[in-house]
Amino acid sequence: MITLEGVRKTYTSGGESIHVLRGVSFCVEPGGVVALMGPSGVGKSTLLHLIAGLDRPDGGRIELGGMDVTALKGTARDHFRRRTVGVVYQFHFLLPEFTALENVMMPAVIAGEGRGARARALALLGEVGMAHRAGHTPAKLSGGEQQRAAIARALMNSPRVLLADEPTGNLDEESAAQAFALLLSLKAAHGLTVLMATHNVALAAACDRTVHLHEGRVEGQG
Ligand SMILES: Nc1ncnc2c1ncn2[C@@H]1O[C@H](COP(=O)(O)OP(=O)(O)O)[C@@H](O)[C@H]1O
Ligand SMILES: [Mg+2]
């Protein structure tokens, strides 16, 4: 489902080049869940950004479901990204002035597909155990609840791929385990393919596979 071949990315800042990704290749099979590991600064977020189509690699190929993401441009790329990929971050990025329900609806509203969005958002909130909190603003939710709302939002446009960037990094151990269990059950229920950057060794061990990044390349897969 996700195939990376020789993905390279270099950042230039202050006249200096940082070769973050030097040829990263691996794949995540359809319906699989893979943990992306490696120390801070190794390029996990950079890689997820590239897969999400939010930025372009300097070289290599990224395919999602057989579609070469790197070849798409402009509105085709935006459309493909919105339809195919959901992203969950370490910090939930819920909009503070909107309720949980409105936040979950937001991706559909932005995509100009508001019709039916409310019912779908409510159903998703139910799936993440948040139906009773639908009318609450993020400030009234616990960290774990905020993250569950963010997960529901990531599924609003029915993506096939879920990218999670340290989704439990800001949660206590118990909330982290709950959020991860939720991701796994949503993966099964929605037929998602999941790639999750994490430092949590216990959660990584519960994934199908682990990919370790080291100095811009895949160091080991287990
Ligand atoms: N937009 C950017 N411009 C310049 N350097 C960046 C940019 N984004 C990330 N980097 C650098 O790329 C490296 C990898 O960052 P990142 O992908 O965030 O790593 P990780 O998520 O594994 O902690 C770091 O050295 C970081 O400082
Ligand atoms: Mg990161």
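Helix α4 buries A117, A121, L124 and L125. Looking down the axis of α4, these buried residues fit within an arc of 100°, so they line one face of the helix. The general rule behind such a pattern is simple: an α-helix has 3.6 residues a turn, so residues three or four places apart point the same way. On the other side of α4 you'll find A119 and A123, both exposed. The cover over the buried residues of α4 includes α3 (100–110) and α5. Just past the end of α4 comes G129, with a positive phi of about 70°.

A quick caveat before going on: this is a predicted model.

A123 deserves its own look. It sits in helix α4, and it counts as exposed because 12 other C-beta atoms lie within 10 Å, where exposed means 12 or fewer. Its C-alpha is 10 Å from that of L101, a residue 22 places away along the chain.

**Helix α6**

Now for α6, which runs over residues 173–190. Its 18 residues reach 25 Å from first C-alpha to last, close to the 26 Å expected at 1.5 Å a residue. Which residues of α6 are buried? They are A176, A179, F180, L183 and L186. Down the axis of α6 the buried residues fall within an arc of 125°, so here too they line one face of the helix. The face turned away from that buried side carries the exposed residues E173, E174, A181, S185, A188 and A189.

What covers the buried residues of α6? The cover includes three helices and two strands, namely α4 (117–127), α5 (143–154) and α7 (201–205), along with β7 (161–165) and β8 (193–197). So α5 turns up in the cover of α6 and also in that of α4. After α6 comes G191, which has a positive phi near 60°.

**Loop residues**

Three residues in loops are worth a stop. V69 lies between β5 (67–68) and α2 (74–84). It counts as buried because it has 22 C-beta neighbours inside 10 Å, and the cut-off is 20 or more. Setting aside neighbours within four places in sequence, V69 is in contact with G53, I62, E63 and L64. P159 is 90 residues from V69 along the chain, and their C-alpha atoms are separated by 15 Å.

The other two are F93 and E166, and each has a positive phi without being a glycine: F93 is near 55°, and E166 is near 50°. F93 is found in the loop between β6 (85–88) and α3, while E166 is found in the loop between β7 and α6. Is F93 buried, partly exposed or exposed? With 13 other C-beta atoms within 10 Å, F93 is partly exposed. E166, with 21 C-beta neighbours inside 10 Å, counts as buried.

Here are the neighbour counts side by side:

| Residue | Other C-beta atoms within 10 Å | Class |
|---|---|---|
| V69 | 22 C-beta atoms | buried |
| F93 | 13 C-beta atoms | partly exposed |
| A123 | 12 C-beta atoms | exposed |
| E166 | 21 C-beta atoms | buried |

**Around ligand 1**

Which residues surround ligand 1? The shell consists of Y11, S13, I18, V20, G38, S40, G41, V42, G43, K44, S45 and T46. The elements that give two or more residues to this shell are β1 (2–13), β2 (16–28) and α1 (44–51). Of the elements, α1 gives the most, with three residues. By class, the shell has four nonpolar, seven polar and one charged residues.

**The whole protein**

Stepping back, the secondary structure of the protein comes to seven helices and 10 strands. The radius of gyration is 17 Å, close to the 17 Å that the globule rule gives for 222 residues, so the protein is as compact as a globular protein of that length. Along the principal axes, the C-alpha trace spans about 45 × 40 × 35 Å. Buried residues make up 41% of the 222. As for contacts between residues at least 6 apart in sequence, 70% join residues at least 24 apart.

Notes:
Residues numbered from 1 in each chain as written. Chains lettered and ligands numbered in written order. Predicted model: local features only at pLDDT ≥ 70, side-chain atom pairs only at ≥ 80, totals over all residues. Helix = DSSP H or I, 4+ residues; strand = E, 2+ residues; numbered from the N terminus. Expected span 1.5 Å × (residues − 1). Arc of directions from axis to C-beta. Contact = placed C-beta atoms within 7 Å. Rg over C-alpha atoms; globule rule 2.2 N^0.38 Å. Near = placed C-beta within 6 Å. Nonpolar A, V, L, I, M, F, W, Y, C, P; charged D, E, K, R; others polar.
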